[in-house]
Amino acid sequence: MSDRSRQILARVGGDRDRRSAIARLRRVTAALAGVLGLAPALLAPAGAQAHPLGNFTVNRLSIVSVSTDRVEVRWILDQAEIPTFQERGRTPAAVLAGKRAEALRGLRLRVDGSEVVLRPSSPGQISFPKGQGGLRTTRVELMLAAPVRDARRVTLRDSTFGDRLGWRSIIAAAGDGTTTRSSLPATEPTRRLRNYPNQLLESPADQRSITLTVRPGDGGVIAPRADGAGMVSTGGRPNDGFAGLFDDAVTGEGTLIVLLLAAFGWGALHALSPGHGKAMVAAYLIGARGTARHAVMLGATVTVTHTIGVFALGIVTLALSQYLLPEDLYPWLNLVAGLLVVLVGALVLRARVRTEATGHHHAHPEGRTHDPADHADGHGHGPAHIHGDGEEHGHTHSHDHGGGHHHHAPESLRPRALLAAGAAAGLIPCPSALVVLLGAVSQHEIALGLLLIVVFSLGLAATLTALGIAVVCARGLGGRLRPAGPVTQAALTAAPAASAVLIVALGCLLTARAVPAII
Amino acid sequence: MKLIPVGRPMKSVARMRALLIACGTAFTITLIVLALTVPPAPRTPDAGATALSRAAGGSTAQRVQRLQAAVRARPADADRLVAFGSALLQQVRETGDVSYYAQAEHAIAGAIAHDPSNAGAFTLRGMLRLARHDFRGALRDGRRARRLAPEVVNSLGVLVDANGELGRYGAARDALQRMIDAKPSLGSYARVSYFRELHGDLAGAREALALALGAGGEAAENIAYIQTLQGNLELSRGRRGAARQAYRAALMRSPRYVPARVGLARAEAAAGHLGQSIERLRSVVARLPLPEYVVLLGETELTAGRGAAARRTFDLVRVQQRLLAGAGVNTDVELAIFQADHGDRKRALTLARSAWRRAPSVRSADALGWALTRAGRARQGVAWGRRALHLGSRDASFLYHAGMSARAAGERRLAARLLRRALNADPHFSTLRAPKARRALNAL
């Protein structure tokens, strides 16, 4: 596939399950690959050819996505040379109109038990790519949609073109505000009917109907694996592109170097999103008077523990995958996370109230209080809290040596404490990293997946380390800027209590958000 | 922990409590996770259903899937690959979808690579080559399979078919005799039937088909195939009712079986229901536009006086020919005859000569004779026509071609005899040619 055809693919539109950032990344990747003259063959799937299905086939692909307020079907038709020839003499507009009528006749959408009418949401596109023997083929893309609110069970049946031979495939794509469980695999190997697999184990697809079970969510798709062994989930939109990056890698788009750089970049960026213990790292380095060397060590620990965390969760998920899916686990983990945050907030608040009662101004280290609050972004770093809880204990414990005093006493950083801090920050596996790992397993690209995760973790650690160094450098300045005016003093006293209340509130919010997904 | 400030005891009590609460939470989490993991089956109801249908055996498509999984589990197992390839070839027979050939070819190549002495793999490759009209290659594979495993009957089928297509009827008969002696089966009886038909023994052919039906086959398609052959045989004897019945029976077995649908269309045309026949052929051609079917559709349209439609249909044949040539597929006997009748006569001669070189059978001799006659070399045409009939065939098309050649060559008595025989064998053998034969006969 040339860069040009890929651009056409992008221009055709409707690919709204990709964010513009990914599109940009992909263009950059494509451009780089072009400039360097590196063929994307490195990761390209083995031999594919034009129409191995025969010159008389009519191949169709439906991509269904269910959003909270609509059901959309992107219908693609690739008609081989002979049927195209049989339509000779008709204008493209007439041919397109005919195909649209056939699609509207042959696609049957049922939502929650009743038939729903699909309507074209755009005029559609038709083109006549060159085929064999100097003949043309026909390619049609249509966007159809039905305005349906909160669909729960969606069935699409494709009976277009009767029993004409050809590829027949239906896949589910991510929708807005939903998580979709599909009865058919979510991947299809033809690159939208452009290249058909010619491999030993690939039979021509003959999928005539799909059933989707939909619940509120964040754009994930849960589907059987293409080889029929178990289920796999493709993350939806919350994966900030890292999972999409892996998809690109598997389909051979982009070179390894570019991919690794991109993984690193995503990791670095991802660290800036809430929920990675940045506040804790900073607070720790401030509170414990760390040095730049400590910051680097902390970064290294984060890399190792994050990688281990992802692997561990991946192994657990794979072991449990016979019984349940990570997506089924996440709502529960979210609930547990929410409850834990409430608990932590309550404990902090209680301690605060008690110290107030005994007249003690215990300036509790920020990290203890802020880190859980950091998670209140609904990210659902559930598993982190299970692991993190234990680690946090060690962390708190280590703090009590120094933190028991009214003021932060100077303290030399001990390796154990440093490790604990790094682990607490790193043992929070990002769902997108987990998706990449599981995707790698399902695609038999485990080595690539592991490599990408390590690089991703490195990127994550790089940001945290940089942050740590910045904090260390700025600390002297910050110390001098801390005045002791009465108002500020009062604020400093009240702040921990206020933050504890905030934590409880956020925990309640998280819990409340987690509950509907389970019910 | 040594220096305990005031309020510390209180705080440590609080921490103890916190610890207890945390332990409780951890316990709860464990319970939740356990509760989630305990019910294993209901999560994937589909998996159970699939397992059931797999155990049940079922259709060829299911067999293909099952064997696909088996091959995936052990990709170097030659026997599994052979079984998989065999199921794929059966899939093509049922659906007419030739895309499975590529897959089958991969499977067979894999089997041969892993086990170069696997007789089954060579038999299967022979079958695939027969399907692709590489008869010499098929003969080599059949012989090799026979050498590797002389006790296995399957390879004899390849030898019968390849020898027959290559015009080596003596060798074909010997192999067939050995086959029928070793193991009477649907496959061997079907070949006996074809062999007898070639030699003009229609009653014997019919009998063999009845035996084939009695022997039974693994897939529904096997029976449908025999029933369609029965229909063809009845139709060529002018017994349209019996033919229709046989085709319908085949379609009951295998509802989309294309040869039976084509048979029905021919029976309809023979009965003069041209519109019905054209409709049916159009639906067949839409699904599977093999040149043979497209030509039949065009000729029926021509008979019905739909010249414009026929021209469009014939254009399609030419396009197909271009595509087939581009893909390196053998040009066929049907295409040579089509060009002789409706197209470029010089091209027809080239095609027929190449067909003869590749497969010197009576079918090729018939095509070459007709192409020669249409190219203005009727005398040679007659000689090749005799060659096509030398086994004693009573095929109306062969007789018609030979008769028309004789007429063009000025051999009036021979022409009259041949044309009469053609019309006696099957008065409706072709909607287009039967009337021509009748007119020619009257004029002689």
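1. A residue is called buried here if 20 or more other C-beta atoms lie within 10 Å of its own, and partly exposed if that number falls below 20 but stays above 12. This wording is needed for the points that follow, all of which concern a predicted model.

2. In helix H20 of chain B, the buried residues include Arg363(B), Asp366(B), Trp370(B) and Arg374(B), and Ser364(B), Ala365(B), Leu368(B) and Gly369(B) are also among them. Because 12 of the 13 residues of H20(B) are buried, this helix is largely enclosed by the rest of the structure.

3. As for what surrounds H20(B), its buried residues pack against four helices of chain B, namely H18 (333–342), H19 (345–358), H21 (378–389) and H22 (396–408).

4. The length of H20(B), which covers residues 362–374, can be checked: at 1.5 Å a residue its 13 residues should span 18 Å, and the end C-alpha atoms are indeed 18 Å apart, so the two values agree. After this helix comes Gly376(B), which has a positive phi, near 90°.

5. Turning to chain A, its secondary structure comes to 15 helices and 15 strands, and 48% of its 519 residues count as buried. Among the contacts in chain A with a separation of 6 or more, 84% are made by residues 24 or more positions apart.

6. Val471(A) belongs to helix H14 of chain A, which runs over residues 446–480. Because Val471(A) has 19 C-beta neighbours inside 10 Å, it counts as partly exposed. Although Val471(A) and Ala292(A) are 179 residues apart in sequence, their C-alpha atoms are 9.1 Å apart in space.

Conventions. Residues numbered from 1 in each chain as written. Chains lettered and ligands numbered in written order. Predicted model: local features only at pLDDT ≥ 70, side-chain atom pairs only at ≥ 80, totals over all residues. Helix = DSSP H or I, 4+ residues; strand = E, 2+ residues; numbered from the N terminus. Contact = placed C-beta atoms within 7 Å. Expected span 1.5 Å × (residues − 1).
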